[in-house]
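Thank you for making time this morning. I would like to walk you through one structure, beginning with its pockets and then turning to its salt bridges.

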Amino acid sequence: MINRTTYGAIGVKTAALLIWAVLLFAPFLFQDVRSIEVAARVLIFIALVASYDLLIGYTGIVSFAHTMFFGFGAYGVAIALKHSGPGWGQIALGAFAGLVVSVIVAAAIGLLSLRVKAIFFAMITLAAGSVVLVLASQMSQFTGGEDGITYSVPALFKPATKLLVDADGKVATLFGVRLNGKIAAYYFVFLFSGLIFAAMLRLVVSPLGTVLKAIRENEGRAEAIGYRVVAYRTFVFCISAVAASLIGSVYAVWLKYTGPDTSLSFAIMIDILLMVVIGGMGTMWGAVIGASLLVVAQFYLRDLMEMAASALSAIPPAAVLMDPDRWLLWLGLIFILLVYFFPKGIAGTAMEKGKR
């Protein structure tokens, strides 16, 4: 007999897998350019939020510098492609450079700062992230400054590339979708996002994941039974940084542009925190739900409100409330309601209720 705990976990995993299925077939289900951009952004944030949940949800580490590592990966690939030309070797070199810098910085921050508690460590990471953002804006000879960097990517990912051709030599179609480089770029993002998410999921169910949970629940007790808490916390901080850097490199290839606003902005850090809270800390599957809901709301809530305002035009007060310019107000209200009704996030609350 399946208990309620299992039902809660099954429901959350089913919802997350359905989202992955929709993302897998997104180019064929939603054939406009905007929808594909939204789907790719969801994939990027699923991996990014999962890597951050490894810190805050499973280890209890509050960091405000996660976008810093995301930016290292993005800028590594961007600079390599800009100065060495489009090529797979350049992508690999740039991603590796971003990864090395991320590991070095994460290890330095971890070893020097993880001995301090909660808010103090968070402030240190905030300062480090702010310094990197300023440097990226000022070192324009390398980073392009506030304008960022635009560059070319390998020919496989260019929209003009024909993955398959028909009998007439034109690009082949599948269910009405042109099989060109844009499709290849999307599945490149899907593949690496899925691999990073799977790696995070595997890590948290491993013996290491059990140790991390023990440290989160009672750091003193974990240290008393022989675990080197600082070493474990530093290691997981580096693993999280590596994952963020890798997905940053993937995002750079997809976007073909890298700048402070797209990879280092504190607004991205706020989005990550909101997604973790909405999905549920310490669930990992919540990263899929939280990232999907917030990204879709950011892109489509305004459109829905515009439709609602038109439908309610005969009722002026209601039409004013539904004015599309007030979409951030409604997004905030939706977030407050989600936190009120799902205090541990959607996935976390669903699993918690299954235990009762």
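Helix 17 is the element that gives the most to the lining of the largest pocket, contributing 4 residues, and I should say at once that we are looking at a predicted model. This pocket holds about 510 Å³ of space. Of the 24 residues that line it, the closest to the centre are Met281, Gly282, Thr283, Gly348 and Met351. If you trace the elements that give two or more residues to this lining, you will find helix 1 (4-24), helix 8 (181-204), helix 9 (207-217), helix 13 (266-279) and helix 17 (345-354). As for the character of the lining of the largest pocket, it divides into 12 nonpolar, 6 polar and 6 charged residues.

Let me move to the second largest pocket, where about 330 Å³ of space lies. It is lined by 16 residues, and Phe72, Tyr75, Gly76, Ile79 and Thr143 are the closest of these to its centre. Here the elements giving two or more residues are helix 4 (66-84), helix 5 (88-113), helix 6 (118-138) and helix 7 (140-143), and helix 4 gives the most, with 6 residues. How many charged residues does the lining of the second largest pocket have? There are no charged residues in that lining, which divides otherwise into 12 nonpolar and 4 polar.

Now to the salt bridges, of which the structure holds 4; I will take you through some of them.

In one of them, the side chains of Arg34 and Asp303 meet at 2.5 Å, N to O. Because Arg34 lies in helix 3 (residues 33-56) and Asp303 in helix 14 (residues 285-311), this pair ties together parts that are 269 residues apart in sequence. Arg34 is partly exposed, with a relative accessible area of 36%, and Asp303, at 28%, also counts as partly exposed.

Another salt bridge joins the side chains of Asp325 and Arg302, at 2.9 Å, N to O. This pair links distant parts of the chain, with Asp325 in the loop between helix 15 (316-321) and helix 16 (327-341) and Arg302 in helix 14, 23 residues apart. Asp325 counts as exposed, at 59% relative accessibility, whereas Arg302, at 35%, counts as partly exposed.

Finally, Glu217 and Arg216 meet through their side chains in a salt bridge, at 2.9 Å, N to O. Glu217 is exposed, with a relative accessible area of 60%, while Arg216 is partly exposed, at 33%.

Conventions
Residues numbered from 1 in each chain as written. Predicted model: local features only at pLDDT ≥ 70, side-chain atom pairs only at ≥ 80, totals over all residues. Heavy atoms only, no water. Buried < 20%, exposed > 50% of the residue type's maximum accessible area, 1.4 Å probe, protein only. 1 Å grid on protein atoms, 1.4 Å probe; cavity = no way out; pocket = protein on both sides within 12 Å on 5 of 7 lines; lining within 4 Å. Points joined across faces, edges and corners; volume = space filled by probe spheres on them. Nonpolar A, V, L, I, M, F, W, Y, C, P; charged D, E, K, R; others polar.
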